[in-house]
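Colleague: I would like to learn how to read this model feature by feature. Where should we begin?

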Amino acid sequence: DDKTLTVTNTHIPAKENLKVVKVWSGNDETNDDGNRPKSVKVKLQKSIDTSKEENWKDVPGEVVLNADSSWSYIWKDLPSYESGKKLSYRVKETVPSHYTVSYGEVQEIDKVPTITVTNTYKPTKIKVEATKYWNDENNKDEKRPESIQFQLEKSSDAKKTWEKVGDPQTLKGTGNTWEKAIWSDLLTYENSKKIYYRVVELEDESVKNNYSTNSPQEVPEGG
């Protein structure tokens, strides 16, 4: 009797893994002025034609990276091909405030293709300048003091309370407009809270008894 044998070949689609690792570039001791987020979100994108940006498509689902996950994640069993064409993968992050992002090339780390996402701390800073102006007909009554002091203050609770920033600056001069007090590299956010600034003229008896004042003066948004 004739015997017929059937040999079956079953296609096993090629699959791959991809790992993302998050790296912070900033000041670990201050936690980037308290502005470093506790987590970030990343998503995976795929494309069979990487020549155009619009060819990249989101893979459903976002991933949260945090300290509990060691700031890393592995996508497993990703299809290597789609419609017979080789797939490329990349990672995109929802970039946190006060940071820039850079994406490394895929590298084999511990036998796992890995993309490193680096956030570099770029805080927004302002400079504040304050000038003393006298409206007294060039010291006609000779009531001016020899010097005055300006104190910079900041608020992180929407101007409910104020605290001193450093020591006061002493200003002197001879004309109606005296020299400037200057404060540089002032953070606009600390601990993820908006920082407001104001300049206060410290009380001087001769000024108090002989002049009115518009102190304190709040710094406009943006410095």
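Modeller: Begin with contact, which here means heavy atoms within 4.5 Å. The model is predicted. Take Tyr 133 in strand β11, residues 125–133. Setting aside residues up to four places away in sequence, Tyr 133 touches Asn 176 and Thr 177.

Colleague: How far apart in space are Tyr 133 and Lys 111?

Modeller: Their C-alpha atoms are 69 Å apart, with the two positions 22 residues apart in sequence numbering. For Ser 88 and Ser 47, the sequence separation is 41 residues and the C-alpha distance is 5.3 Å.

Colleague: Where is Ser 88, and which residues does it touch?

Modeller: Ser 88 belongs to strand β7, residues 88–93. Neighbours within four places aside, Ser 88 is in contact with Gln 45, Lys 46, Ser 47, Thr 50 and Trp 56.

Colleague: Is Ser 88 buried or exposed?

Modeller: Buried means under 20% relative accessible area and exposed means over 50%, with partly exposed in between. Ser 88 has 29%, so it is partly exposed.

Colleague: What do the overall dimensions of the chain say?

Modeller: The radius of gyration can be set against the value for a compact globule of equal residue count. For 223 residues that value would be near 17 Å, but this chain has 31 Å. Along the principal axes, the C-alpha atoms fill a box of roughly 130 × 35 × 25 Å.

Colleague: What secondary structure does the chain have, and how much of the chain is buried?

Modeller: There are one helix and 19 strands. Buried residues account for 30% of the 223. Of the contacts with a separation of 6 or more, 65% are between residues 24 or more positions apart.

Colleague: How should I read a charged side chain such as Arg 36?

Modeller: Check its accessibility, then its partners. Arg 36 is in the loop between β1 (15–25) and β2 (39–47). Its relative accessible area is 12%, so Arg 36 counts as buried. The side chain of Arg 36 makes a polar contact with that of Asp 28, at 2.9 Å, and the side chain of Asp 32 makes one with that of Arg 36, at 3.1 Å. Residues that Arg 36 touches include Trp 24, Gly 26 and Tyr 99.

Colleague: Which residues does Asp 32 touch, and is Asp 32 buried or exposed?

Modeller: Asp 32 also lies in the loop between β1 and β2. Asp 32 is buried because its relative accessibility is 0%. Neighbours within four places aside, Asp 32 is in contact with Gly 26, Asn 27, Tyr 99 and Tyr 121.

Colleague: What should I look for in the backbone?

Modeller: Most residues other than glycine have a negative phi, and most peptide bonds are trans. Asp 32, which is not a glycine, has a positive phi of about 55 degrees. Asn 191, not a glycine either, has a positive phi of about 50 degrees.

Colleague: Where is Asn 191, and is Asn 191 buried or exposed?

Modeller: Asn 191 is in the loop between β16 (189–190) and β17 (193–194). Asn 191 counts as exposed because its relative accessibility is 53%.

Colleague: Which residues does a cis peptide bond join?

Modeller: Ser 215 and Pro 216, with omega at about 0 degrees. Pro 216 is in the loop between α1 (205–210) and β19 (217–218).

Terms used: Residues numbered from 1 in each chain as written. Predicted model: local features only at pLDDT ≥ 70, side-chain atom pairs only at ≥ 80, totals over all residues. Heavy atoms only, no water. Helix = DSSP H or I, 4+ residues; strand = E, 2+ residues; numbered from the N terminus. Rg over C-alpha atoms; globule rule 2.2 N^0.38 Å. Buried < 20%, exposed > 50% of the residue type's maximum accessible area, 1.4 Å probe, protein only. Polar contact = N/O pair within 3.5 Å; in protein donor to acceptor, adjacent residues only side chain to side chain.
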